[in-house]
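Biologist: Could you take me through one part of this model up close? I'm new to this, so please keep it simple.
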Amino acid sequence: MEHRRPNLFRSFCITLVLLLSLGLCGCKAQPEADTFFFQYEGYFAAPVSSTLTVAITGFSTKEACAAVFQNAASMSFEGNDAVRIQKFSIEPHESIGAYSACAVSATLAFETAGVTDATALCVQFQDGSEQTYPIGTWTFDVQDAPDHAELLNVWSSPVSNRVGNMFPYHYELLDRAASIRSIQYGPDQIADVADGITVHDGVAEGELALSGDAPVRLIRPRIKVEQNGEVYSVYGLCCYCGALNVTEADIQAEQKNPDLTLAEFSTDQDDET
């Protein structure tokens, strides 16, 4: 089955920014940061030697956000050599209230199997200077388990919602003789059929509760599918949980307290998905 992945990703990035819905946060290590990202909690399941493109939304009050990063030479995760930022692009977007917004599309390369974390993004500029931006807590769960995308259609699954503590899913078996066994959607969060995964006529659809208090999560799940007695991995789309409920007030809170932790952050959550 052929899918138009680049066009879908680009359209989603644009929609995400316009709806105040992107979460990757970091800011200058000073009060009332001029340029920052919106912190969120991230879980990324991936096969080793693969890549994944994610969108990072930046905000600036001092100058156009895209101008801040136009002379960026490279980007990396502070203290994490297992996941490399292979390439990136910056695209300007309309202002959100007092904030100039831009989207950084970063292609992550997962080069080493294992579970690693990142809490800060380092940006190296062409003049030799470097700036570090906190990004919340990101977990990379990389396994030597190839993506058997031929077993499952993941393209109907939601890529965003309003509720930060719920992960929505919709997966359709492409081989009806196969069966969905489990969904891993966090470092220690794995749901199987016994835990309430709803599967009917080859389609798994529902929501899974997320632990913790992070207002926005970015989740790329690993789905286990059994076929002919063997269990294979399939990797879903990234879902920005809670992204559609972010307000300008939330962005302002991040600007005023750039070192805010996810546990300290609070925002009114709408029960509507």
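Biologist: In what order do the four strands of the open sheet come, and is the pairing parallel or antiparallel?

Modeller: Sure! First off, this is a predicted model, where local features need pLDDT of at least 70 and side-chain atom pairs 80 or more, while totals for chains, interfaces and linings use all residues. Residues count from 1 along each chain as its sequence is written, and side-chain values use heavy atoms, without hydrogens or water.

Now your sheet: the order is β12-β11-β16-β17, and the pairing is antiparallel. Strands here are DSSP runs of E, at least two residues, numbered from the N terminus, and two of them pair if DSSP finds at least two bridges between them. At the edges sit β12 (189–192) and β17 (230–235), each pairing on one side only. On average, neighbouring strands in this sheet are turned by 25° against each other, direction ignored; the axes are lines fitted to C-alpha atoms, with angles running from 0 to 180 degrees between N-to-C directions.

Let's zoom in on the β17 edge. Its partner is β16, covering residues 222–227, and six bridges hold this antiparallel pairing. For one you can find yourself, look at V225: its bridge partner in β17 is Y232.

Stepping back, the chain has 18 strands alongside three helices (H or I runs of at least four residues). Of its 273 residues, 50% are buried, meaning under 20% relative accessible area with a 1.4 Å probe, protein chains only. Among contacts (heavy atoms within 4.5 Å) between residues at least 6 apart in sequence, 70% join residues at least 24 apart.
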